[in-house]
Amino acid sequence: MIEILKQIPFFAKLPTEDLEAIGQKVQMQYFGPEQVIFEQGDYGEEMYIIKRGKVQVVRDFAVIAELGDNAFFGEMALVSEEPRNAGIKAISEVEALVLKKDDFRELLENKPSIASSVNYEVVKRSNTLL
Ligand code: CMP
């Protein structure tokens with residue numbers, strides 16, 4: 001798992017001991033084309049980092065973005081405690097790393113570099129939802 005984490009820019013800058021700890025917490029999940037990963041309005045329990053593949057972000061029946069390798073999604077509901085503001089559908093085979101809410105929050109509290117890249121995306125994405 002460490003070798004996988006090292007290839008993902010989201011984690012790559014962290015020292016090996018942190019990657020070892022994170023490696024204990026992340027899980028790999030696999031989705032097929034057209035598979036719904038979660039729906040808009042769902043309660044959020046985890047966030048996802050795409051190792052390989054492509055997803056669509058669907059809000060109010062419209063595709064508002066596509067995300068590919070190394071992008072993350074599902075972070076907003078964990079930060080805001082609000083329901084998923086969009087649904088996510090795989091449009092190819094997708095391999096994703098999945099991190100549970102408490103582990104993600106711990107990462108944000110303890111790793112400023114990760115917190116700032118997440119915050120940057122959250123602000124940017126929030127602006128597109130206005
Ligand atoms: P969350 O609200 O947990 O679930 C839906 C996810 O879609 C959201 O987190 C973001 O990860 C993602 N998302 C929402 N809006 C955008 C956007 N404009 N661009 C890219 N991703 C988005």
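A residue is near a molecule if one of its heavy atoms lies within 4 Å of it. With that in hand, the ligand in this predicted model has 16 residues around it, and G74, E75, A77, R84 and T128 come nearest. The space the ligand takes up is the largest pocket, and the protein covers 96% of the 450 Å² of accessible area that the ligand has on its own. Below is a quick tour of that site, then of two residues with positive phi, and then of a few residues picked out for burial and spacing.

**Who surrounds the ligand**

- Sorted by class, the shell comes out as 10 nonpolar, three polar and three charged residues.
- Three elements each supply at least two residues of that shell: strand 5 (62-67), helix 4 (75-80) and helix 6 (112-129).
- Two of the nearest residues, E75 and A77, have numbers that fall inside the helix 4 range, 75-80.
- T128, also among the nearest, has a number within the 112-129 range of helix 6.

**Backbone contacts to ligand oxygens**

- G74 puts a backbone N or O atom 2.8 Å from an oxygen atom of the ligand, and G74 is also on the list of nearest residues.
- N85 has a polar backbone atom 3.0 Å from an oxygen atom of the ligand.
- M76 has a backbone N or O atom 3.3 Å from an oxygen atom of the ligand.
- The cut-off for a polar contact is a pair of N or O atoms within 3.5 Å, so the distances for G74, N85 and M76 each qualify.

**Positive phi outside glycine**

- For context, most residues other than glycine have a negative phi.
- D60 goes the other way: its phi is positive, about 50 degrees, and it is not a glycine.
- You'll find D60 in the loop between strand 4 (55-59) and strand 5. D60 counts as exposed because its relative accessible area is 52%, and the cut-off for exposed is over 50%.
- N70 is another such case, with a positive phi near 75 degrees in a residue other than glycine.
- N70 sits in the loop between strand 5 and strand 6 (72-73). Its relative accessible area is 32%, so N70 is partly exposed.

**Buried or exposed, and what lies how far away**

- Is A86 buried or exposed? A86 is buried, because its relative accessible area is 4% and buried means under 20%.
- A86 belongs to the loop between helix 4 and strand 7 (87-90). Its C-alpha is 7.6 Å from that of D60, with the two positions 26 residues apart in sequence numbering.
- A96, in strand 8 (residues 94-100), has a relative accessible area of 0%, so A96 is buried.
- The C-alpha atoms of A96 and M28 are separated by 5.6 Å, although the two residues are 68 residues apart along the chain.
- E121 is part of helix 6, which also feeds the ligand shell. At 18% relative accessibility E121 counts as buried, because the cut-off is under 20%.
- From E121 to N85 the C-alpha distance is 14 Å, and the pair is 36 residues apart in sequence. N85 is the residue with a polar backbone atom 3.0 Å from a ligand oxygen.
- Q24 belongs to helix 3 (residues 16-25). Its relative accessibility is 69%, so Q24 counts as exposed.
- Q24 and I2 are 22 residues apart in sequence, and their C-alpha atoms are 9.5 Å apart in space.

Note on methods
Residues numbered from 1 in each chain as written. Predicted model: local features only at pLDDT ≥ 70, side-chain atom pairs only at ≥ 80, totals over all residues. Heavy atoms only, no water. Polar contact = N/O pair within 3.5 Å; in protein donor to acceptor, adjacent residues only side chain to side chain. Areas by Shrake-Rupley, 256 points an atom, 1.4 Å probe, with all protein chains shown as cover. 1 Å grid on protein atoms, 1.4 Å probe; cavity = no way out; pocket = protein on both sides within 12 Å on 5 of 7 lines; lining within 4 Å. Sits in = over half its atoms within 2 Å of the grid points. Helix = DSSP H or I, 4+ residues; strand = E, 2+ residues; numbered from the N terminus. Nonpolar A, V, L, I, M, F, W, Y, C, P; charged D, E, K, R; others polar. Buried < 20%, exposed > 50% of the residue type's maximum accessible area, 1.4 Å probe, protein only.
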